[in-house]
Amino acid sequence: MEAATAAEFVVESPDVVYGPEAIEAQYEYRTTHVSREGGILKVPRLGVMLVGWGGNNGSTLTAAVLANRLRLSWPTRTGRKEANYYGSLTQAGTVSLGLDAEGQEVHVPFRALLPMVAPDNLVFDGWDISSLNLAQAMRRAQVLDWGLQEQLWPHMEVLHPRPSVYMPEFIAANQGARADNLIPGTRAQQLDQIRKDIRDFRSSKGLDKVIVLWTANTERFCDVVPGRNDTAENLLRTIEVGEEVSPSTLFAVASILEGCAFLNGSPQNTLVPGALELAWQHRVFVGGDDFKTGQTKVKSVLVDFLIGSGLKTMSIVSYNHLGNNDGQNLSAPSQFRSKEVSKSSVVDDMVLSNPVLYAPGEEPDHCVVIKYVPYVGDSKRALDEYTSELMLGGTNTLVLHNTCEDSLLAAPIMLDLVLLTELCQRVSFHTDADPEPQGFHPVLALLGFLFKAPLVPPGSPVVNALFRQRSCIENILRACLGLPPQNHMLLEHKMERPDPALKSMGPTACPMPCKKPPVPAASTGCTGDANGHPQDEAPHTPTT
């Protein structure tokens with residue numbers, strides 16, 4: 001495709017002047033100067049209810065929080081390991097806050113930007129169609145080292161999932177053997193019981209908030225039928241008369257009616273139009289779909305890199321095999337189809353972003369295969385081949401092999417989902433045109449970084465490119481502090497004659513406390529131990 005076919009454009013702005021030989025632009029460059037102080041901030045007591053609590057993901061997340069809370073360590077064949085939150089954006093990720101007095105970047109933990117609930121303080125409960133207690137579920141999952149399981153056993157065996165909803169027509173037939181812990185009755189009675197469970201959990205544990213997260217089996221897609229699930233009114237009527245509604249949609253409706261955010265970690269279309277309308281009516285956050293863990297996360301980075309570099313990716317072939325219960329459920333064609341849809345749409349926005357490479361309607365061949373191999377258990381294998389066209393008729397092929405510890409990648413994503421959702425519930429803002437305070441849209445698109453197929457409000461663009469998604473979260477949190485968006489320009493280091501005034505330009509941020517003797521800082525400027533735990537002396541809180 002010739003470059004001349006790319007659309008030409010003109011910037012209409014009082015800050016830009018087009019001349020015959022040059023374009024003159026006036027640009028306000030803002031950065032942040034960093035100093036160090038302290039602060040005290042309060043967060044709510046948060047409960048998390050997991051649908052599928054006894055599955056690999058649910059038991060692993062519960063074990064991870066307990067292991068971190070108890071500061072456990074255990075021997076392995078490569079040495080002693082300590083509990084940490086690696087893989088969590090909020091707990092193990094950092095952001096560049098700005099420049100210090102010497103002009104060097106200061107990186108702080110993501111969790112230090114705004115007051116977030118500490119993961120060690122989360123309270124868990126949930127539902128599962130299997131009656132195994134959480135210790136037995138942990139052992140069945142075969143995810144954690146034996147030494148860690150032994151230490152966690154007395155803390156996990158007292159945790160029992162509540163009965164759940166089982167509709168065999170929505171999941172694979174091979175799941176029937178696990179289904180011994182069920183809510184009886186009609187759809188309306190099941191809905192009432194779920195709502196009672198949420199209320200009981202909130203009151204018995206003295207919680208300020210509850211967030212419900214679906215981490216149970218992948219379901220088949222549910223047809224969107226006018227008069228059945230296309231509006232909130234029709235969906236509630238469908239439940240009342242006992243017509244077809246999926247278990248995940250039933251949990252979503254119960255959560256919304258109880259004022260609890262609902263997050264869908266599986267690929268099926270849980271949040272049908274009627275559920276989305278209900279969320280809007282009750283101003284309750286919903287998010288989805290499908291945790292973005294291994295292969296898809298890599299794909300959302302690599303294809304963005306290839307197309308962003310001017311290479312025309314023409315073929316993407318992705319093969320997976322895994323042996324956990326998720327793999328067993330996905331061996332059924334209708335459940336695999338749900339997963340195939342969520343994994344295949346991940347490159348769409350990257351293709352659309354480059355009309356120089358792709359003509360309208362043109363897209364790469366994209367094939368996804370998933371096979372069930374029991375022996376490999378939770379250690380999922382992913383093999384990918386990316387073929388791109390080069391200049392002058394050349395081709396480039398990249399082949400990757402990725403071994404993913406499936407649940408150990410999903411658990412920190414689940415953690416980030418509940419922590420960011422709760423944080424967003426405390427954010428409000430207004431504009432000059434609309435001075436009345438408002439929150440985010442009930443379809444919480446900000447969570448797209450953590451989902452394979454991000455849900456967005458009607459008419460909104462869908463972004464799958466991973467670093468664009470991460471920048472969205474980071475810059476929104478920075479905006480809550482009055483800090484400018486992170487632009488990565490570092491213009492003060494790129495000028496022929498650096499302007500000293502640039503180093504003091506912009507607001508001042510104070511990322512670390514100094515009420516007590518400071519903890520020795522790492523070379524990055526972060527504090528906290530090597531496992532991502534904040535120091536006990538004082539919270540790390542930014543102030544402006």
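## A buried charged pair

R162 is buried, and D125 is buried too. Keep in mind as you explore that this is a predicted model. The side chains of these two residues meet in a salt bridge, with N and O 3.0 Å apart. R162 sits in the loop between α4 (146–156) and α5 (187–204), while D125 belongs to strand β9 (residues 123–127), so the pair ties together parts that are 37 residues apart in sequence.

## The protein as a whole

Let's step back for an overview. The protein has 544 residues, and buried residues make up 50% of them. Its secondary structure consists of 14 helices and 17 strands.

Among contacts with a separation of 6 or more, 75% are between residues 24 or more positions apart. The protein exposes about 25400 Å², and 55% of that comes from carbon and sulfur atoms.

## Two nonpolar cores

The largest nonpolar core contains 62 residues, and L122, L152 and L417 have the most contacts inside it. Helix α13 (residues 406–425) gives this core its largest share, eleven residues. If you would like a place to start looking, try L417: leaving aside residues up to four places away in sequence, L417 touches L213, L263, F291, L447, L450 and F451.

A second core, separate from that one, has 38 residues, including V123, L271, A279 and L455.

## More salt bridges

In total, the structure holds 16 salt bridges. One of them joins the side chains of E233 and R237, with an N to O distance of 3.4 Å. Both residues are in helix α6 (residues 232–241), and because they are four residues apart there, about one helical turn separates them. E233 counts as exposed, because its relative accessibility is 57% and the cut-off for exposed is over 50%. R237 is partly exposed, with a relative accessible area of 41%.

Another salt bridge connects E362 with K312, whose closest N and O atoms are 2.9 Å apart. This pair links distant parts of the chain: E362 is in the loop between α12 (348–352) and β14 (365–372), K312 is in strand β13 (residues 312–322), and the two are 50 residues apart. E362 is partly exposed, with a relative accessible area of 27%. K312, in contrast, is buried at 15%, since buried means under 20%.

Salt bridges can also share partners, and here they join D125, R162, D197 and D200 into one network. That brings us back to the buried pair, R162 and D125.

## A buried serine

Now find S248, which lies in helix α7 (residues 247–257). S248 is buried, with a relative accessible area of 0%. Its side chain makes a polar contact with the side chain of S246, at 3.2 Å.

Which residues does S248 touch, not counting those up to four places away in sequence? They are W214, E219, F262, Q268 and T270.

## A nonpolar patch on the surface

Finally, take a look at the outside. V10, V11, Y18 and I23 form a nonpolar patch on the surface, and together they have about 380 Å² of accessible area. Y18 has its place in strand β1 (residues 16–18). With a relative accessible area of 39%, Y18 is partly exposed. Y18 can belong to a patch because its 39% passes the cut-off of over 30% relative accessible area.

Methods. Residues are numbered from 1 along each chain as its sequence is written. This is a predicted model: local features need pLDDT of at least 70, side-chain atom pairs count only at pLDDT 80 or more; totals for chains, interfaces and linings use all residues. Side-chain values use heavy atoms; hydrogens and water are left out. Patches are made of residues with over 30% relative accessible area and no salt bridge: like charges are joined within 9 Å, nonpolar side chains (Val, Leu, Ile, Met, Phe, Trp, Tyr) within 5 Å. Accessible areas come from the Shrake-Rupley method with a 1.4 Å probe; for residues, only the protein chains shown count as cover. A salt bridge is a side-chain nitrogen of Lys or Arg within 4 Å of a carboxyl oxygen of Asp or Glu. Buried means under 20% relative accessible area, exposed over 50%, partly exposed in between (1.4 Å probe, protein chains only). A polar contact is a pair of N or O atoms within 3.5 Å; within protein, one must be able to donate a hydrogen and the other to accept it, and residues adjacent in sequence count only if both atoms are side-chain atoms. Contact means heavy atoms within 4.5 Å. A nonpolar core is a set of buried Ala, Val, Leu, Ile, Met, Phe, Trp, Tyr and Cys residues joined through side-chain atoms within 4.5 Å.
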